[in-house]
Amino acid sequence: VFRPLEAWSRNHSEALGTSKIGLLLENLRSEDVEYLQRAVRGTWKRNGQAFPPSFTRSLVAALRHCSADASWPLFLLALLEETLSIDPASVPVEVVLTVWKAAGLEASPVVAIKLLRAMGHVSGKVKKPEAIEVSTSLAGALKRLAVPPSLISPALAAFQGLAPRSGIDFGSWASSLLDHVAGALAAHV
């Protein structure tokens, strides 16, 4: 899987989703994605607890390409999430932010969950202006109750990681969110 992805990233004359490797991997079932994520961890271990530079280069190239196309192959986001869970410094924070800005909460719930988890892994390295931008976006969506239920937990986790970088007291904010939700429920019940 990694070698064809590397080969694609060297020339990417076609969209990742329509490339041979993209078409093959796009049809993975959830247990197949789990094996792919295990392969990421195995690669890291076999390489002396570091990712081969060719792997991270091809992952970053694919993420940049997909950000420009606004296409989000699930296997690629699973690779990103697993890679960052192992080594948050392996993919530049700027790349994660670019992907977030291109997709964000407007993406399908499955894509958004992967992106929120990725953001959570790098939240401590996000610069203050970007942390404010992303946390403001997440806070607004959570307060408007515009976040699908499946995204609430990863959105809160990402927000909690970004809050200190944004100068936000997460405890106070979470308390006001609960009050807001209680008020909204009381108005409809």
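1. Helices here are DSSP runs of H or I at least four residues long (strands are runs of E, at least two), and they are numbered from the N terminus. With that in hand, you can place D32 in helix α3. D32 is partly exposed because its relative accessible area is 23%; for reference, buried means under 20% relative accessible area, exposed means over 50%, and partly exposed is in between (1.4 Å probe, protein chains only). If you want to try the distance tool, pick the C-alpha atoms of D32 and A89: they are separated by 26 Å, and the two residues are 57 residues apart along the chain.

2. Before going on, keep in mind that this is a predicted model, where local features need pLDDT of at least 70 and side-chain atom pairs count only at pLDDT 80 or more, while totals for chains, interfaces and linings use all residues. Residues are numbered from 1 along each chain as its sequence is written, and side-chain values use heavy atoms, with hydrogens and water left out.

3. How confident is the predictor? pLDDT is its confidence in each residue, from 0 to 100. The protein chain has a mean pLDDT of 88, with 98% of its residues at 70 or more. Confidence is lowest in helix α2 (residues 20-26), at a mean of 73, and highest in helix α6 (residues 93-102), at 93.

4. Back to helix α3, which also holds Q37. Q37 is buried, since its relative accessible area is 16%. Which residues does Q37 touch? Leaving aside residues up to four places away in sequence, Q37 touches A78, E81, E82 and K114; contact means heavy atoms within 4.5 Å.

5. Next, have a look at helix α4 (residues 53-69). With 17 residues at 1.5 Å a residue, α4 should span 24 Å, and its end C-alpha atoms are 24 Å apart, so the two agree. (The expected span is 1.5 Å times one less than the number of residues.) Right after α4 comes A70, whose phi is positive, near 55°.

6. What do the buried residues of α4 pack against? They pack against α1 (2-11), α3 (30-46), α5 (74-86) and α6. Among the buried residues of α4 are F55, L59, L63 and C66. T56 also sits in helix α4, and T56 counts as buried because its relative accessible area is 14%. Not counting residues up to four places away in sequence, T56 touches F51 and S90.

7. Now for helix α9 (residues 149-166) and helix α10 (residues 170-188): their axes come within 10 Å and cross at roughly 145°. (Axes are lines fitted to C-alpha atoms, for helices over the stretch in contact, and angles run from 0 to 180 degrees between N-to-C directions.) On the α9 side, L156, F159, Q160 and A163 meet F170, W173 and L177 in α10. The residues of this contact divide into six nonpolar, one polar and no charged.

8. Last, the rings. The structure holds four aromatic pairs. One of them joins F159 and W173, a tilted pair at 4.3 Å centre to centre with 45° between the planes. (Rings of Phe, Tyr and Trp, its six-membered ring, pair if their centres lie within 6.5 Å; planes under 30 degrees apart count as stacked, over 60 as edge-to-face and the rest as tilted.) This pair links distant parts of the chain, with F159 in helix α9 and W173 in helix α10, 14 residues apart. F159 counts as buried because its relative accessibility is 0%, and W173 counts as buried at 12%. Together with F170, F159 and W173 form one aromatic cluster.

Key. pLDDT = per-residue confidence, 0-100. Nonpolar A, V, L, I, M, F, W, Y, C, P; charged D, E, K, R; others polar.
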